[in-house]
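These notebook entries record what I looked up in one structure, entry by entry.

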Amino acid sequence: MPHVITSPCIGTKDQACTEVCPVECIYDAGDMFLIHPDECIDCGACVPACPVSAIFPEEDVPAGEESFIARNREHFGL
């Protein structure tokens, strides 16, 4: 399962996650970053790099943040 960036990223966009991603699957989506679900290799390198704890494996996205799963997919036309 790919990783998903959730609401704490909105307005923060620290870029620490993009610097550690080995496949460069994290993209600027305007107000936040999003992870391309088909490009993510599920390595988890971005999780500890995120200063606002906004990144989760898709199956572990917290309650109330599930809309970000769809937002990631829609942004990339999936």
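**Entry 1: P8.** I began with P8, which I located in the loop between β1 (3-5) and α1 (16-20). The model is a predicted one, and I read every value below as computed from it. I looked up the accessibility of P8 and found a relative accessible area of 32%, so P8 is partly exposed. I then listed its contacts, leaving aside neighbours within four places in sequence: P8 is in contact with V52, S53, A54 and E65. I also checked P8 against P51, which is 43 residues away along the chain. Their C-alpha atoms are separated by 9.5 Å.

**Entry 2: cavities.** I next asked how many cavities of 30 Å³ or more the structure holds. The search returned 2.

For the largest cavity I noted about 90 Å³ of space. I counted 14 residues in its lining, and those closest to its centre are C21, C25, C40, C43 and C46. By class, I recorded 11 nonpolar, 2 polar and 1 charged residues in this lining.

The second largest cavity has about 70 Å³ of space. Its lining also came out at 14 residues, with C9, D14, C17, C50 and P51 closest to the centre. Here I recorded 10 nonpolar, 2 polar and 2 charged residues. I note that P51, listed here among the residues closest to the centre, is the residue whose C-alpha atom I had compared with that of P8.

**Entry 3: positive phi.** I turned to backbone angles and took down two residues.

E24 has a phi near 50°, a positive value in a residue other than glycine. I placed E24 in the loop between α1 and β2. Its relative accessibility is 60%, and since the cut-off for exposed is over 50%, I entered E24 as exposed.

D42 has a positive phi of about 60°, although D42 is not a glycine. I found D42 in the loop between β3 (33-35) and α2 (46-49). With a relative accessible area of 36%, D42 is partly exposed.

**Entry 4: aromatic rings.** How many aromatic pairs does a search of the whole structure find? I obtained 1. The rings are those of Y27 and F76, with centres 5.5 Å apart and planes at 65°, so I classed the pair as edge-to-face. The pair links distant parts of the chain, 49 residues apart: Y27 is in strand β2 (residues 26-28), and F76 is in the segment after α3 (67-75).

I then asked of each partner whether it is buried, exposed or partly exposed. Y27 has a relative accessible area of 31% and is partly exposed. F76, at 18% relative accessibility, counts as buried, because the cut-off for buried is under 20%.

I made a further note on a charge over a ring: K13 lies over the face of F33, at 5.7 Å from the ring centre.

**Entry 5: N72.** I closed with N72, which I found in helix α3. Is N72 buried or exposed? At 2% relative accessibility, I entered N72 as buried. Not counting residues up to four places away in sequence, I listed its contacts as H3, V4, I5, L34, I35 and P37.

Note on methods. Residues numbered from 1 in each chain as written. Predicted model: local features only at pLDDT ≥ 70, side-chain atom pairs only at ≥ 80, totals over all residues. Heavy atoms only, no water. Phe/Tyr/Trp six-rings, centres within 6.5 Å; stacked < 30°, edge-to-face > 60°. Helix = DSSP H or I, 4+ residues; strand = E, 2+ residues; numbered from the N terminus. Buried < 20%, exposed > 50% of the residue type's maximum accessible area, 1.4 Å probe, protein only. Lys NZ or Arg CZ within 6 Å of the ring centre and 35° of its normal. Contact = heavy atoms within 4.5 Å. 1 Å grid on protein atoms, 1.4 Å probe; cavity = no way out; pocket = protein on both sides within 12 Å on 5 of 7 lines; lining within 4 Å. Points joined across faces, edges and corners; volume = space filled by probe spheres on them. Nonpolar A, V, L, I, M, F, W, Y, C, P; charged D, E, K, R; others polar.
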